[in-house]
Amino acid sequence: MKKLFFIAAVALSMSLVACSGSNKDNSTSDSSESAQSVEEIKDGNTYEAKSYTLNYPKDWKETFSTDDILNVKSADEAMVFSINYDAEGPTADQLKEKADFAKRVNTDLYKEVGEPQIIADNFITLRRVTNEGEVELSYTKVFEGTKCIMGAMKSPADKEAKAEKILMGIINSVKLK
């Protein structure tokens with residue numbers, strides 16, 4: 001039941017990112033520039049979804065999957081990564097406005113919600129801190145038109161930097177079919 005709730009919560013918060021008009025902002029933070037340079041995970045597990053493939057760390061375990069949804073957990077169970085493919089998500093031009101909307105919607109649900117971070121013209125993240133103090137880095141990456149992936153990486157605050165590096169490595173490994 002927790003898995004389904006987690007999937008629904010991630011899908012709801014990120015689908016909210018796909019709900020309104022368009023606006024483009026090409027600002028980039030220093031942390032997002034360094035995150036973009038992280039290499040993809042090459043020596044790990046490969047997951048074949050209906051619409052994409054990706055690699056995740058070798059010692060991580062799959063906890064839930066369907067056609068285009070995957071949840072994996074670190075060996076120590078401290079970090080959880082989720083991904084969902086959406087063929088009708090936002091366009092790259094809509095990402096910033098969608099993330100701003102998600103920030104407004106999430107403000108009452110989380111202890112802290114950061115500013116959306118533009119990683120690239122087609123990739124944006126939103127940092128949130130749960131009431132329990134865990135960090136969730138939600139993301140949306142558009143590949144072409146409205147074909148995108150979205151989800152989150154959740155970790156304890158003391159593992160946030162490691163979780164962000166792993167998140168970026170997994171995202172860099174995603175290939176649409």
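How many bridges join strand β3 to strand β4, and do the two run parallel or antiparallel? There are 4 bridges between β3 (residues 61-65) and β4 (residues 69-73), and the strands run antiparallel. This is a predicted model. The report below starts with the chain as a whole and then returns to the strand pairs, the cores and one lysine.

## The chain overall

The protein chain holds 4 helices and 11 strands. It has 177 residues, and buried residues make up 47% of them. Its accessible surface is about 8800 Å². Carbon and sulfur atoms own 49% of that surface.

Contacts often link distant parts of the sequence. Take the contacts with a separation of 6 or more: 55% of them are between residues 24 or more positions apart.

## Two early hairpins

Strand β1 covers residues 44-48, and strand β2 covers residues 52-57. They pair in the antiparallel sense over 5 bridges. One residue pair shows the register: N45 has Y56 of β2 as its bridge partner. A hairpin of 3 residues joins β1 to β2.

The pair from the opening question also forms a hairpin, with 3 residues between β3 and β4. Here E62 has its bridge partner in β4, namely V72.

## Strand β9 and its two partners

Is β9 largely enclosed or largely open? Of its 10 residues, 8 are buried, so β9 is largely enclosed by the rest of the structure. In general, side chains in a regular strand alternate between the two faces of the sheet.

β9 pairs with β8 and with β10. Strand β8 (residues 123-129) is joined to β9 by 7 bridges, and the two run antiparallel. F123 stands opposite K141 of β9. The hairpin between β8 and β9 has 5 residues. In that turn, G133 has a positive phi of about 95 degrees.

On to β10. It pairs with β9 in the antiparallel sense over 9 bridges. V142 finds its bridge partner in β10 at C148. The hairpin between these strands has 2 residues. Its turn includes G145, whose phi is positive at about 55 degrees.

## The nonpolar cores

Which residues touch the most other members of the largest nonpolar core? They are Y52, L54, F81 and I83, in a core of 27 residues. Several elements give two or more residues to this core: β2, β4, β5 (80-86), β7 (117-120), β9 (135-144), β10 (147-155) and α4 (160-173). Helix α4 gives the most, with 6 residues.

I83 shows how these parts meet. Leaving aside residues up to four places away in sequence, I83 touches Y52, L54, D68, I69, L70, N71, Y139, I149, M150, G151 and V174. A second, separate core has 7 residues, among them A99, I118, I124 and M150. M150 is thus a member of the second core and a contact of I83.

## A buried lysine

Helix α3 spans residues 95-106 and includes K96. Is K96 buried or exposed? K96 has a relative accessible area of 14%. The cut-off for buried is under 20%, so K96 counts as buried.

The side chain of K96 also has a partner. A polar contact of 2.8 Å joins it to the side chain of D100.

Technical notes: Residues numbered from 1 in each chain as written. Predicted model: local features only at pLDDT ≥ 70, side-chain atom pairs only at ≥ 80, totals over all residues. Heavy atoms only, no water. Pairing = 2+ DSSP bridges. Core = buried A, V, L, I, M, F, W, Y, C linked by side-chain atoms within 4.5 Å. Buried < 20%, exposed > 50% of the residue type's maximum accessible area, 1.4 Å probe, protein only. Contact = heavy atoms within 4.5 Å. Polar contact = N/O pair within 3.5 Å; in protein donor to acceptor, adjacent residues only side chain to side chain. Areas by Shrake-Rupley, 256 points an atom, 1.4 Å probe, with all protein chains shown as cover.
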